[in-house]
Amino acid sequence: MTEPARDGRTFEEALAVLEKIVHELEDGQTGLEASLSLYESGVQLIKRCNAQLVQAEQRILVLSGVSAEGEAVAQPFEHSATAEPAKQETKRIRKKPADPTIPF
């Protein structure tokens, strides 16, 4: 996760800048306009850091077995958050009445 983004910052550097922004905002020593500007910068950094985390998650390999040589076989992680659950067919089961003289 230390790959630099488009602005040249690594994830860790962007996170450090975000922490600095949070401390400045919590300090309460900045004016309204400066606070708004810092807040906007923080939101952009959060979005960028989140995007980098999503990319890193997608690069994770899932262990799927062992080859004949004893080495781990891996496959790319497939993110499927938008998959719809499969519909299950439900069958009605008719219960027989307790009295055999009563028809179904």
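**Two helices and the core between them**

Let me start with helix H1, which runs over residues 11-27. H1 has 17 residues, and its first and last C-alpha atoms lie 24 Å apart, close to the 24 Å expected at 1.5 Å a residue. Please keep in mind that this is a predicted model.

Which residues of H1 are buried? They are Phe11, Ala14, Leu18 and Ile21. These residues cover an arc of only 85° around the axis, so they sit on the same side of H1. Turn to the face of H1 that points away from this buried side, and you find the exposed residues Lys20, His23 and Glu26. After H1 comes Gly28, which has a positive phi, near 75°.

Now the chain as a whole. The protein chain holds 2 helices and 2 strands. In what order do the elements run from the N terminus on? The order is α-α-β-β. The protein chain has 104 residues, and buried residues make up 12% of them. Its accessible surface comes to about 9,500 Å², with 54% of that belonging to carbon and sulfur atoms. As for contacts between residues at least 6 apart in sequence, 33% of them join residues at least 24 apart.

Next, the core. Which residues make up the largest nonpolar core? There are 7 in all: Phe11, Ala14, Leu18, Ile21, Leu38, Leu45 and Cys49. Helices H1 and H2 each supply at least two residues of this core. H1 gives the most to it, with 4 residues.

One member of that core deserves a closer look, and that is Cys49. Cys49 is found in helix H2. Is Cys49 buried or exposed? Its relative accessibility is 6%, and buried means under 20%, so Cys49 counts as buried. What does Cys49 touch, leaving aside its neighbours within four places in sequence? It is in contact with Phe11, Ala14 and Leu15. Two of these partners, Phe11 and Ala14, are among the buried residues of H1 we met at the start. Take Ala14 in particular: Cys49 and Ala14 are 35 residues apart along the chain, yet their C-alpha atoms are separated by 7.2 Å.

The last residue for today is Ser35. Ser35 also has its place in helix H2, which covers residues 32-58. With a relative accessible area of 18%, Ser35 is under the 20% limit and therefore buried. Where does its side chain reach? The side chain of Ser35 reaches the backbone oxygen of Gly31, at 2.8 Å. Not counting residues up to four places away in sequence, Ser35 touches Leu25 and Thr30. Leu25 falls within the 11-27 range of H1.

To sum up, H1 has its buried residues on the same side, and both H1 and H2 supply residues to the largest nonpolar core. In H2, Cys49 is in contact with Phe11, Ala14 and Leu15, while Ser35 touches Leu25 and Thr30. That is the end of my part.

Notes
Residues are numbered from 1 along each chain as its sequence is written. This is a predicted model: local features need pLDDT of at least 70, side-chain atom pairs count only at pLDDT 80 or more; totals for chains, interfaces and linings use all residues. Side-chain values use heavy atoms; hydrogens and water are left out. Buried means under 20% relative accessible area, exposed over 50%, partly exposed in between (1.4 Å probe, protein chains only). A polar contact is a pair of N or O atoms within 3.5 Å; within protein, one must be able to donate a hydrogen and the other to accept it, and residues adjacent in sequence count only if both atoms are side-chain atoms. Contact means heavy atoms within 4.5 Å. Accessible areas come from the Shrake-Rupley method with a 1.4 Å probe; for residues, only the protein chains shown count as cover. A nonpolar core is a set of buried Ala, Val, Leu, Ile, Met, Phe, Trp, Tyr and Cys residues joined through side-chain atoms within 4.5 Å. The expected span of a helix is 1.5 Å times one less than its number of residues. The arc is that of the directions from the helix axis to the C-beta atoms.
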